[in-house]
Amino acid sequence: MTPSQDEAVADILVRWQPYGRAGLLPCLIDVQNHLGWLPPDVCAQVGEVLGVPLADVYGVATFYSRLYTQPVGRRIVRVCDDVACLANGSPALLEACRTALGLAPGETSPDGLVTLEVHPCLGHCEHAPCLMVNDQVFGRLDAAAAERLARAVRAGEAPPK
Amino acid sequence: MTASADRPTWQAIPGYEAHLLRRVGQVDPTSLADYEAHGGYRALRAALEMTPAEIIEMVKASGLVGRGGAAFPTGIKWESAARQPVTPRYVVCNADESEPGTFKDRVLMEGDPFAIVEAMTIAAYAVGAEQGYIYVRGEFRAAYERLANAVAAAREAGYLGKRVLGSDFSFDIELRRGAGAYVCGEETALFESIEGKRGMPRQKPPFPTERGLFGRPTVINNVETFANVPHIVLNGPDWFRRIGPPDAPGPKLFCVSGAVERPGVYEGPMSVTLRQLVEVCGGMRPGRKIQAVLVGGAAGTFVPAEHLDTPVSFEALRAIGASLGSGAVLVVDDSVDMLEVVERITRFFAHESCGKCYPCQLGTQRQWEIVRRWQAGHHRPDDAERLQDIAHAMREASICGLGQTAASALMSVLPRMVTRFEGGNHVSASDADH
């Protein structure tokens, strides 16, 4: 199904159309939540519907680190390596995820399932060291727990609690 | 092992009463009825009996200053927006909490979301705004959902919308999500983001109270700042001033993290010392010693162990060249290599600089390069001078707080970093161009 025929995308565009340019960021977020990323033809549609030049759509889409203009894994593992997590052993978490996923930070698995990212502070420092799988936070992990988590994500299973 | 904690990670410092955290963990954050049963919306009802000017006077008299980091007097901000002859006016809640080591706003939004909605409604009544926005950090999904639920429930019950509680005052709130940009916590960058542009800061003046969101007079406050407002309206400015030292009145949330036994959000007066905060957290892990405390997050400064008895009031911290900023108190123990910590901080700013102004765009890259060169074992005799030069340029010439503070943590440990390289590992000027 091409995005232009996608009813959910059409609904999102209708919802944000009255806002014009001020609807751009929430519209892109909603579209990405539905499609997983922001394909070029959808960006063009968004610009047309909201009255925003395509260059400006891309200006915004590429400004924010959580918006993706290239395909990305359906599951994104974001490992925090900022100061609070560093002080609690985050390098071991990252290493465990690299090994279990077989990915370097920034890479996506060939089947398109998982992307690994190193992330600045996730704002959950009381649970350091932590990582996120999509929108879910996992905290106070040691390397073994991080590895179990990453293996489950790689296998397409629900992350263990 | 999810982030839903096995024990509360928020509490008042022993001996002090919780005000901001009073309902967190005690009420169902999705229930308006529970909020009302625990004192919720009493402040708004009281506020609607007063004139807007009376509320502004109360907030001014309380001495409340912004809890997002800049510590600007809240009442003066409100008064300035209320005096503008232009309408519409806006009230914006800055919930883009992104300072490394800071997580208090998230705890408030997740645990007591109606309080933020009520406080914004009071602010809107005081300054004559009919529309509000809450801009929530993209990573904070639970906080976003709780706030969205709270706004919908408040609207349903007549606390938001046309003619709030039957008064002549109308106000409503829309939520916006961030999408991963630290700079959007800067107030004018946040406006740009809501307006559908790249989140780049604006030149000031004009200040937001004059020309803010959509070019209109705007009051923008941090989540924790708003959370103080209902307490001030209900208990009065004198009550507020009795909490904490004279130069820093009111309750404050401290985000204590790092190498302590029980990291979390702790509420107390700003007369507490850094050492007390560490002790409240159960102290250091066994066998570990404090190397330094990063106060104020990545934009803050390292306070060495010998200054742990400093109270966290504005004056006392200023005297040792530090600032509480957003309330982050991040403890680094002796097992961590300070050079690695500094590399994280300089990388963070290089990554998050928006690129609008050159001092920050270039300066953040340069200081990260130099720190990475140190990690590779190469030090040059003039590194300290170069870094001081970069820091000066960023501090004085950057448009916004990001660039103005991007060197402060590194500068606070520069003498130690330089000492570390004395007597070896120097490269000659011809080996490297930076």
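1. Start with B:Lys197: at 30% relative accessibility, this residue counts as partly exposed. Its salt-bridge partner is B:Glu195, with the closest N and O atoms 2.8 Å apart. B:Glu195 is on the other side of the cut-off, because its relative accessible area is 9% and that makes it buried. So this pair joins a partly exposed lysine to a buried glutamate. Keep in mind throughout that we're looking at a predicted model.

2. Two more pairs in chain B are worth a click. B:Arg344 and B:Glu343 meet through their side chains in a salt bridge, 3.3 Å from N to O, and both residues are buried. Then there's B:Arg373 with B:Asp383, where the closest N and O atoms are 3.0 Å apart. B:Arg373 sits in helix α14 (residues 358–375) of chain B and B:Asp383 in helix α15 (residues 383–397) of chain B, so the salt bridge ties together parts that are ten residues apart in sequence. Here too B:Arg373 is buried, and so is B:Asp383.

3. Some of the charged residues go beyond simple pairs. A:Arg66, A:Asp135, B:Arg137, B:Glu139, B:Arg141 and B:Glu145 are joined into one network by salt bridges that share partners. Over all chains, the structure holds 41 salt bridges. As background, side chains of opposite charge can pair when their charged atoms come close.

4. Now the interface between the chains. How many residues does each chain put into the contact? Chain A brings 47 residues and chain B brings 56. Together the two chains bury about 4,000 Å², and 57% of that is on carbon and sulfur atoms. On the chain A side, the residues that lose the most area to chain B are A:Phe63, A:Val83 and A:Glu126, together 17% of what that side buries.

5. On the polar side of the same interface, there are six salt bridges between chain A and chain B. One to look at is B:Arg177 with A:Asp30, whose closest N and O atoms are 3.0 Å apart. The count of residue pairs in polar contact across this interface is 18, with both residues at pLDDT 80 or more.

6. Which parts of chain A face chain B? Two or more residues each come from α2 (24–35), α4 (54–61), α5 (83–86), β2 (114–119) and β4 (136–138) of chain A. The largest share is from α2(A), which gives six residues to that side. Sorted by class, the side of chain A that touches chain B has 27 nonpolar, eleven polar and nine charged residues.

7. Some general bookkeeping on chain A itself. It has seven helices and four strands, and along the sequence they run α-α-α-α-β-α-α-β-β-β-α. The C-alpha trace spans about 50 × 30 × 25 Å along its principal axes. Of the 161 residues in chain A, 57% count as buried. If you take the contacts in chain A with a separation of 6 or more, 60% come from residues 24 or more positions apart.

8. Chain B is split into domain 1 (9–241), domain 2 (254–333) and domain 3 (338–431). The C-alpha centres of domain 1 and domain 2 of chain B lie 26 Å apart. In terms of contact, 25 residues of domain 1 of chain B meet 24 residues of domain 2 of chain B. Those two domains bury about 1,800 Å² between them, with 67% of it on carbon and sulfur atoms. Of the area that domain 1 of chain B buries against domain 2 of chain B, 28% is supplied by B:Ile13, B:Glu99 and B:Phe103, more than any other three residues.

9. What does the polar tally look like between domain 1 and domain 2 of chain B? There are zero salt bridges between them, whereas ten residue pairs are in polar contact, both at pLDDT 80 or more. On the domain 1 side, β1 (10–12) and α5 (104–111) of chain B each supply at least two residues. β1(B) gives the most, with three residues. By class, that side of domain 1 of chain B divides into 14 nonpolar, seven polar and four charged residues.

Definitions and conventions: Residues are numbered from 1 along each chain as its sequence is written. Chains are lettered from A and ligands numbered from 1 in the order in which they are written. This is a predicted model: local features need pLDDT of at least 70, side-chain atom pairs count only at pLDDT 80 or more; totals for chains, interfaces and linings use all residues. Side-chain values use heavy atoms; hydrogens and water are left out. Domain bounds come from an automatic or database domain assignment. Contact means heavy atoms within 4.5 Å. Buried area is the accessible area (1.4 Å probe) that two parts lose on being put together, summed over both. A salt bridge is a side-chain nitrogen of Lys or Arg within 4 Å of a carboxyl oxygen of Asp or Glu. A polar contact is a pair of N or O atoms within 3.5 Å; within protein, one must be able to donate a hydrogen and the other to accept it, and residues adjacent in sequence count only if both atoms are side-chain atoms. Ala, Val, Leu, Ile, Met, Phe, Trp, Tyr, Cys and Pro count as nonpolar, Asp, Glu, Lys and Arg as charged, and the others, Gly among them, as polar. Buried means under 20% relative accessible area, exposed over 50%, partly exposed in between (1.4 Å probe, protein chains only).
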